[in-house]
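Let's take a walk through this protein together, one stop at a time. Keep the 3D view open and click along as you read.

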Amino acid sequence: MRPVKYLWGTALLAAVLLAGCAGAGIGRAAQAQADPSPAPTATPLPTATPEPQPETVEIRFSATGDNLIHNGIYEQAAARTGGSGYDFLPCYEHVREFYETFDVNWINQETLVTDRLAPSTYPCFSTPGQMGRDLYSLGFRVFSLSNNHSYDKGADGLAATREYWRVMPADAVTCGLYAGEEDYGNIPTQTVNGVAIAYLAYTEHTNGIPTPQNAPANVIYTDETEVMRQQIEQARGLADFVVVGLHWGVEGSHEIADLQRQLAQQLADWGADLIIGTHPHVVRGTEWFTAADGRRVFAAYSLGNFLNAQSTPDTMIGAVLGCVLRKTTMPDGEVVTELADPVLYPVINHYDPHYAAIRLYWLEDYTEELAQGHGVRREYPQFSLAYIQQVLRDNINEDQPVAWLER
């Protein structure tokens, strides 16, 4: 009987304990209903403030060589309109899309452009005003006007071309012509996506023609080194990048002179970031310089020709420079600039026999069939796709990237 009594006693104890717990639970519930105080909430942890980061802006910049407008070009442009005007756009239709991929497009406009003077060809050029408007529609916004043909039409030519460019849209920038010494401090600049660029341009000579008497404008020659120094140093203080066009060198020669390298180094030390060479009408190599303040400065010695009606094989071969202008603003406000990724894009000036249908092609799109039909082959039968590629290999340094060209 004792085991039975023990089990009963154990069960009774458990029941008593359960009853006590239930009563306590009821008491706590009642107490909770009676106590309106809110339950304590957790205090959120403070969040860390993000560290300021550098802000970088990149501008895609292109530079194009000598736009040299002979009579064959403007006569064909007139024929397209039936003589009621000029249409130059078909000359550029195969290269147009390229320029749409750049933020800034610079070109050396080798000839005077006016709406007032009659068109004329070599040796003293004048180009119909539709040329400038068509270039603008292609995307060009910076026009270098300092070259050996700047004085071709004397004081009247300078006045006419200044009148022309003055009424172009406000975002069309010209450089290289100045209204006397008192104008030398007016440095052309433009700002693109917060990046300020200053433009200067100089020429080695003006074909022996002196500055015309009573001229409304003048060029600055490359031997006026003190003037150039002052302008470049001033431009350095105005802009993030300083672009300098140099119309220099021996026509038809691929050779780079020691004096050119010396001048390029001086320009770099004074504050230039990019040096664009034009005038020889043929391509030359490129070079990096280290400026006195440690900046890396890029020089293209000659981009060769763009549109033209010259008559030798090498003047049919040009190169357009593409690069990146990179501006980084540090959290403390310091600005660091860099020119990066320069690439040359070969461009071929083509015409059919007897200078017919003058037009441009990228090397990427130029075929052997086109080369065999080039009008230049009448005097130079060696002109071919292989010839073009060899000229580029021979005259552009190995370390310079060239699009569409196998090394």
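Let's start with a glutamate. At 38% relative accessibility, Glu233 counts as partly exposed. It has a partner: the side chains of Glu233 and Arg229 come together in a salt bridge, with 2.7 Å from N to O. Both residues sit in helix α7, which covers residues 225-238, and they are four residues apart, about one turn of the helix. Arg229 counts as partly exposed too, with a relative accessibility of 24%. Before going on, keep in mind that what you're looking at is a predicted model.

How many salt bridges does the structure hold? There are 14 salt bridges. Another one pairs Asp115 with Arg133, whose side chains meet at 3.0 Å, N to O. Here the partners come from separate elements: Asp115 is in the loop between β3 and β4, while Arg133 is in helix α5 (residues 130-138), so this pair ties together parts that are 18 residues apart in sequence. Asp115 counts as exposed, at 52% relative accessibility, and Arg133 as partly exposed, at 33%.

Now look at Arg116, whose side chain forms a salt bridge with that of Asp156 (3.0 Å, N to O). Arg116 belongs to the loop between β3 and β4 and Asp156 to helix α6 (residues 154-166), so the pair ties together parts that are 40 residues apart in sequence. Both ends are partly exposed: Asp156 has a relative accessible area of 39%, and Arg116 has one of 43%. Salt bridges can also join up into something bigger than a pair, and Arg236, Asp273, Asp293 and Arg295 are linked in such a network.

Time to zoom out. The protein chain has 10 helices and 15 strands. Of its 407 residues, 50% count as buried. If you take the contacts between residues at least 6 apart in sequence, 70% of them join residues at least 24 apart. On the outside, the chain exposes about 19200 Å², and carbon and sulfur atoms supply 54% of that.

What about the inside? The largest nonpolar core has 86 residues, and the members that touch the most other members are Phe61, Tyr92, Tyr199, Leu274, Phe306, Leu307 and Tyr366. Strand β14, running from 335 to 352, gives the most to this core, with seven residues. There's also a second, separate core of 28 residues, with Leu200, Ala235, Leu263 and Ala299 among them. Try clicking on Tyr199 to see its surroundings: leaving out residues up to four places away in sequence, Tyr199 touches several others, including Phe61, Val104, Trp106, Val142 and Val243.

Next, a charged residue that is tucked away. Which residue is buried yet has no salt bridge? That's Glu110, and the nearest side chain of opposite charge, Arg284, is 13 Å away. You'll find Glu110 in the loop between β2 (104-109) and β3 (113-114). Its side chain does make a polar contact, at 3.3 Å, with the side chain of His247. If you set aside neighbours within four places in sequence, the residues in contact with Glu110 include Asp66, Asn67, Asn147, Asn148, His149 and His281.

Last stop: the backbone, and a few spots to check there. Tyr122 and Pro123 are joined by a cis peptide bond, with omega at about 5°. Pro123 lies in the loop between β3 and β4, and that second strand covers 127-128. Then check phi at Asp341: this residue is not a glycine, yet its phi is positive, about 55°. Asp341 sits in strand β14, the strand that gives the most to the largest core. Tyr355 also has a positive phi without being a glycine, in this case about 65°. Look for Tyr355 in the loop between β14 and β15, where β15 spans 356-362. Tyr355 is partly exposed, with a relative accessible area of 35%.

Note on methods
Residues numbered from 1 in each chain as written. Predicted model: local features only at pLDDT ≥ 70, side-chain atom pairs only at ≥ 80, totals over all residues. Heavy atoms only, no water. Helix = DSSP H or I, 4+ residues; strand = E, 2+ residues; numbered from the N terminus. Buried < 20%, exposed > 50% of the residue type's maximum accessible area, 1.4 Å probe, protein only. Lys, Arg positive; Asp, Glu negative; His and termini not counted. Salt bridge = Lys/Arg side-chain N within 4 Å of Asp/Glu carboxyl O. Polar contact = N/O pair within 3.5 Å; in protein donor to acceptor, adjacent residues only side chain to side chain. Contact = heavy atoms within 4.5 Å. Areas by Shrake-Rupley, 256 points an atom, 1.4 Å probe, with all protein chains shown as cover. Core = buried A, V, L, I, M, F, W, Y, C linked by side-chain atoms within 4.5 Å.
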